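Please walk me through this structure. I would like to see which side chains meet, and how the chain is put together.

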Amino acid sequence: MTLETKKHQFFMREALKEAKKAYKEDEIPVGAVIVRNNKVIARGYNQMETLHDATAHAEMIAITSAQNSLGSKYLNDCELYVTLEPCMMCSGAIFLSKVKKVVYSLQDKERGHIYKSKESINKKLVIIDNILENDSKILINSFFEKIRK
């Protein structure tokens with residue numbers, strides 16, 4: 001395993017911690033962290049039900065937190081780690097905030113949009129997928145099994 005892979009797994013575990021917070025609050029368990037210079041500078045997890053806000057996705061919360069922390073709308077030296085492939089809305093926020101790299105765990109075949117929009121919006125964005133994919137899949141499947149009971 002390369003040093004880069006170990007790094008991605010470490011930060012994805014941090015995003016998974018956020019996803020578990022969402023799970024405990026009966027939110028779809030998606031978590032995100034934003035990393036700058038190998039340090040987590042922002043965290044977020046889904047809070048759509050809690051906040052009654054369709055835009056309260058993990059990525060959106062983490063991006064806003066990072067922008068406030070840095071005092072800038074641009075995150076061009078930051079990396080986003082998220083447990084589920086970003087949707088169209090979150091992909092737009094990623095591109096507008098100029099995040100340089102997105103690392104995600106689990107592909108979202110229904111709502112995932114990061115690859116679809118990459119070619120038309122930001123060809124420089126680096127995307128890495130399937131990091132600790134099984135961990136995210138187990139958490140999301142467990143959530144949906146729980147709410148179907």
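Start with a charge over a ring. Lys146 lies over the face of Tyr23, and the distance to the ring centre is 4.1 Å. Keep in mind that this is a predicted model.

Now turn to the aromatic rings. The count comes to 4 aromatic pairs. Take Phe10 and Phe11: their ring centres are 5.0 Å apart and their planes stand at 80°, so this pair is edge-to-face. The cut-off for that label is an angle over 60 degrees. Phe10 is partly exposed, at 47% relative accessible area. Phe11 is buried, with a value of 5%.

Phe11 has another ring partner, Tyr81. Here the centres are 5.4 Å apart and the planes make an angle of 45°, so the pair is tilted. Phe11 belongs to helix α1 (residues 3–24) and Tyr81 to strand β3 (residues 78–84), so this pair ties together parts that are 70 residues apart in sequence. Tyr81 is buried, at 0% relative accessibility. Ring pairs thus join Phe10, Phe11 and Tyr81 in a cluster.

Next come the charged pairs. The whole structure holds 10 salt bridges. One of them joins the side chains of Glu14 and Lys17, at 2.8 Å from N to O. Why can these two meet? Glu14 and Lys17 are 3 residues apart in helix α1, which puts about one helical turn between them. An α-helix has 3.6 residues a turn, so residues three or four places apart point the same way. The partners differ in exposure: Glu14 is buried, with a relative accessible area of 11%, whereas Lys17 is partly exposed at 47%.

A second bridge leaves the helix. Arg43 pairs with Glu18, and their closest N and O atoms are 3.3 Å apart. This pair links distant parts of the chain, with Arg43 in strand β2 (residues 39–45) and Glu18 in helix α1, 25 residues apart. Arg43 is partly exposed, with a relative accessible area of 34%. Glu18 is buried, at 4% relative accessibility. Both bridges belong to a wider arrangement: Glu14, Lys17, Glu18, Lys21 and Arg43 are linked in a network of salt bridges.

Which strands does the bridge between Glu79 and Lys101 connect? The closest N and O atoms of Glu79 and Lys101 are 3.7 Å apart. Glu79 sits in strand β3 and Lys101 in strand β4 (residues 101–106), so the bridge ties together parts that are 22 residues apart in sequence. Both ends are covered. Glu79 is buried, with a relative accessible area of 7%, and Lys101 is buried at 12%.

Move on to helix α6, residues 133–148, where Ser136 is found. Is Ser136 buried or exposed? Ser136 has a relative accessible area of 2%, so the residue counts as buried. What does Ser136 touch beyond its neighbours within four places in sequence? Its contacts there are Leu16, Thr83, Ser105 and Leu106. Leu16 falls within residues 3–24 of helix α1, Thr83 within residues 78–84 of strand β3, and Ser105 and Leu106 within residues 101–106 of strand β4.

Helix α4 spans residues 88–97. Its buried residues are Cys90, Ser91, Ala93, Ile94, Phe95 and Ser97. Just after α4, Lys98 takes a positive phi of about 65°.

Finally, step back to the whole chain. The secondary structure comes to 6 helices and 5 strands. From the N terminus on, the order is α-β-β-α-α-β-α-β-α-β-α. The C-alpha trace spans about 45 × 40 × 30 Å along its principal axes. For 149 residues, a compact globule would have a radius of gyration near 15 Å; this chain has 14 Å, which agrees.

Burial and contacts complete the picture. Of the 149 residues, 48% are buried. Among contacts between residues at least 6 apart in sequence, 57% join residues at least 24 apart. The chain exposes about 8200 Å², and carbon and sulfur atoms supply 51% of that area.

Terms used: Residues are numbered from 1 along each chain as its sequence is written. Side-chain values use heavy atoms; hydrogens and water are left out. Rings of Phe, Tyr and Trp (its six-membered ring) pair if their centres lie within 6.5 Å; planes under 30 degrees apart count as stacked, over 60 as edge-to-face and the rest as tilted. Buried means under 20% relative accessible area, exposed over 50%, partly exposed in between (1.4 Å probe, protein chains only). Helices (H or I, at least four residues) and strands (E, at least two) are DSSP runs, numbered from the N terminus. A charge sits over a ring if NZ of Lys or CZ of Arg is within 6 Å of the ring centre and within 35 degrees of the ring normal. The radius of gyration is taken over C-alpha atoms; the globule rule is 2.2 Å times the number of residues to the power 0.38. Contact means heavy atoms within 4.5 Å. Accessible areas come from the Shrake-Rupley method with a 1.4 Å probe; for residues, only the protein chains shown count as cover. A salt bridge is a side-chain nitrogen of Lys or Arg within 4 Å of a carboxyl oxygen of Asp or Glu.
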